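Student: I am new to this structure and would like a close look at one part of it. Please pick a place where pieces of the chain pack together, and work outwards from there.

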Amino acid sequence: MANYIKSECYRAIHTKWVYGITALLAGLTILFNVVIWLLTAFDPEFRYGTSSYSFSNLVAEPMAYCIVAFLIAAILYEGERRNGTRKNSISNGISRTSLFLGKCFVSLAVSLAILIPVMAAYIGSGLLLLPQKGPVTVQDMLLEIPAVSLVAVSSLVLGILMLEIFERTVVGILAWYVIMFGIPKVLYLLSFKLAFLYPVALWMPANFFNNFSSPYMAVRMGECSVIWDTVPGMARCLAAGGAGVLLFGVCGVCILRKRDA
């Protein structure tokens, strides 16, 4: 598996889209802040011309990290069946389990490599161009990263598993979406009628990170209350994310071992 990871890391380093998506995401964040700065320059009364408003767009949507992590994994590996890479790896004696774990490791490494410059561009341009006013601060942005880290990793692991299980990429994407967002939403709605489901629903990241319905999140123009502000809240984020990584990882290993047998 070590050789497979090395070869995949080499492939990722020499793949143009990795640099392209990094430049695209960083450029979009800078452009977003530039647009806000220009609007403020033309209209000093523009109420959204602050770093707080800029940062609030990401602070209010922690699940964006999960979506981007999955998209990176999908772009890396969705074409494996089509170009025969996966088949060649298996024929060379690499087990499906090793492929799964290797893909998780490489996708995580690539995601981190993209995250660092993008966040640096986002925060740096926000601080340079916009006045530091309002409830959402750089600290909220920085603490969001560890809070959502394991949840994003679980999303990545689940995404790779779905792409391994289903032959068609579209079906794998839909399955990932249903598990990450659909099931939590259904449980949350059912909890209105079945009260005992409410605590269960609030252990699911898509629910406790929801800025509109979660009792732990309230990120608005004049308010910033986030779940990771407290020790119990941060612990909930890490525990839920860790449980997701463990659950999806173990399921992946068990399912793929049966296919190898």
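Tutor: Helices α4 and α7 cross in a right-handed sense. The model is a predicted one, and this crossing is the starting point for what follows. Helix α4 covers residues 63-77, and its axis comes within 9 Å of the axis of α7, at an angle of roughly 125°. That angle makes α4 oblique to α7, because angles over 145 degrees would be needed for roughly antiparallel. From α4, the contact is made by Tyr65, Ala69, Ile72, Ala73, Leu76 and Tyr77. From α7, the partners are Lys103, Val106, Ser107, Val110, Ser111, Ile114, Leu115 and Met119. By class, the contact of α4 with α7 has eleven nonpolar residues, two polar and one charged.

Helix α4 also packs against α2. The axes of these two helices come within 11 Å and cross at roughly 155°, so α2 and α4 are roughly antiparallel to each other. Their crossing, too, is right-handed. On the α2 side the residues are Trp17, Ile21 and Leu25, and they meet Val68, Ile72, Ile75 and Leu76 of α4. The seven residues of the contact of α2 with α4 are nonpolar, with no polar and no charged ones. Ile72 and Leu76 of α4 therefore appear in the contact with α7 as well as in the contact with α2.

Now follow α7 to its other partner. Helix α7 spans residues 96-129, helix α8 spans residues 138-165, and the two pack at an angle of about 150° with their axes 10 Å apart. At that angle, α7 is roughly antiparallel to α8. The way α7 passes α8 is a right-handed crossing. On α7 the contact is made by Phe100, Lys103, Cys104, Ser107, Leu108, Ser111, Leu115, Met119, Tyr122, Ile123 and Leu127. On α8 it is made by Val138, Met141, Leu142, Ile145, Val153, Leu156, Val157, Ile160, Leu161 and Glu164. Sorted by class, the contact of α7 with α8 holds 17 nonpolar, two polar and two charged residues. Several α7 residues, including Lys103, Ser107, Ser111, Leu115 and Met119, take part in the contact with α4 and in the contact with α8.

Lys103 deserves a separate look. Side chains of opposite charge can pair when their charged atoms come close. Lys103 forms a salt bridge with Glu164, and the closest N and O atoms are 2.3 Å apart. The pair joins distant parts of the chain, since Lys103 is in helix α7 and Glu164 in helix α8, with their positions 61 residues apart. Lys103 and Glu164 are both buried. The count of salt bridges comes to two. The other pair is Glu223 with Arg220, whose side chains meet at 3.2 Å, N to O. Glu223 is partly exposed, with a relative accessible area of 37%, and Arg220 is partly exposed as well, at 44%.

Two further residues touch α7 from elsewhere. Phe55 sits in helix α3, residues 51-59, and is buried, with a relative accessible area of 1%. Apart from neighbours within four places in sequence, Phe55 is in contact with Tyr122, Ile123, Gly126, Leu127, Val136, Thr137, Val138 and Met141. Among these, Tyr122, Ile123 and Leu127 of α7 and Val138 and Met141 of α8 are also in the contact between α7 and α8. Asn33 lies in helix α2, residues 16-42. Asn33 is buried too, with a relative accessible area of 0%. Not counting residues up to four places away in sequence, Asn33 touches Ser54, Tyr122, Ser125, Gly126, Leu129 and Leu130. Tyr122 and Gly126 are touched by both Phe55 and Asn33.

For contrast, consider Pro215, in the loop between α11 (205-208) and β1 (218-220). Pro215 is exposed, with a relative accessible area of 51%. Outside its neighbours within four places in sequence, Pro215 is in contact with Tyr198 and Leu202.

Key. Residues are numbered from 1 along each chain as its sequence is written. This is a predicted model: local features need pLDDT of at least 70, side-chain atom pairs count only at pLDDT 80 or more; totals for chains, interfaces and linings use all residues. Side-chain values use heavy atoms; hydrogens and water are left out. Axes are lines fitted to C-alpha atoms, for helices over the stretch in contact, and angles run from 0 to 180 degrees between N-to-C directions. Helices (H or I, at least four residues) and strands (E, at least two) are DSSP runs, numbered from the N terminus. Angles under 35 degrees count as roughly parallel, over 145 as roughly antiparallel, 65 to 115 as roughly perpendicular and the rest as oblique. A crossing is left-handed if the near helix is turned anticlockwise from the far one by less than a right angle, and right-handed if clockwise. Contact means heavy atoms within 4.5 Å. Ala, Val, Leu, Ile, Met, Phe, Trp, Tyr, Cys and Pro count as nonpolar, Asp, Glu, Lys and Arg as charged, and the others, Gly among them, as polar. Buried means under 20% relative accessible area, exposed over 50%, partly exposed in between (1.4 Å probe, protein chains only). A salt bridge is a side-chain nitrogen of Lys or Arg within 4 Å of a carboxyl oxygen of Asp or Glu.
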